[in-house]
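Here's a quick tour for anyone meeting this structure for the first time. Have a look at the picture, then read on.

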Amino acid sequence: MPPGPLAAVRRLEGKVCRLPVLLLFPLVLCVLPALGLVAIVPVLVAAFGV
């Protein structure tokens, strides 16, 4: 007998619970370094006059 709709909902809930963890990697690896370049580098250049 195939699994019912409740099993499908449980599988989907498991995937949804993992989503924030999976989205954390692109945030840390891509967005935060780019934000650092845009926000911190101009301040350092202005401070040290490079």
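## A bend to start with

Start with helix α1, which bends by about 40 degrees at Leu27. Keep in mind that you're looking at a predicted model, so what follows describes a prediction.

How far apart are the end C-alpha atoms of α1? They sit 48 Å from each other. The helix covers residues 5-39, and at 1.5 Å a residue its 35 residues should span 51 Å, so the two values agree.

## The overall picture

Zooming out, the protein has two helices and zero strands. Its radius of gyration comes to 21 Å, while the globule rule gives 10 Å for 50 residues; that's well over the rule, so the protein is more spread out than a compact globule. The C-alpha trace spans about 70 × 10 × 10 Å along its principal axes.

What share of the 50 residues counts as buried? The answer is 0%. As for the surface, the protein exposes about 4600 Å², and 81% of that is supplied by carbon and sulfur atoms.

## A nonpolar patch

Some of that surface belongs to a nonpolar patch. Its members are Val21, Leu24, Phe25, Leu27, Val28, Leu29, Val31, Leu32 and Leu35, and together they have about 850 Å² of accessible area. Leu27 is a name you've met already: α1 bends there.

Two of the patch residues deserve a closer look. Leu29 lies in helix α1, and because its relative accessibility is 62%, above the 50% cut-off, Leu29 counts as exposed. Leu32 lies in helix α1 too, but its relative accessibility is 44%, between the 20% and 50% cut-offs, so Leu32 counts as partly exposed.

A bit of background helps when you look at residues like these. An α-helix has 3.6 residues a turn, so residues three or four places apart point the same way.

## Over to the other helix

Now for α2, which takes in residues 41-48 and includes Ala47. Is Ala47 buried or exposed? With a relative accessibility of 59%, Ala47 counts as exposed.

Ala47 is also a handy marker for distances. Its C-alpha atom is 27 Å from that of Leu29, with their positions 18 residues apart in sequence. Going from Ala47 to Leu12 means 35 residues along the chain, and the C-alpha atoms of this pair are separated by 51 Å.

Methods:
Residues numbered from 1 in each chain as written. Predicted model: local features only at pLDDT ≥ 70, side-chain atom pairs only at ≥ 80, totals over all residues. Heavy atoms only, no water. Helix = DSSP H or I, 4+ residues; strand = E, 2+ residues; numbered from the N terminus. Rg over C-alpha atoms; globule rule 2.2 N^0.38 Å. Buried < 20%, exposed > 50% of the residue type's maximum accessible area, 1.4 Å probe, protein only. Areas by Shrake-Rupley, 256 points an atom, 1.4 Å probe, with all protein chains shown as cover. Expected span 1.5 Å × (residues − 1). Bend = angle between axes of the 7 residues up to and from the residue. Patch = residues over 30% accessible without salt bridge, like charges linked within 9 Å, V, L, I, M, F, W, Y side chains within 5 Å. Salt bridge = Lys/Arg side-chain N within 4 Å of Asp/Glu carboxyl O.
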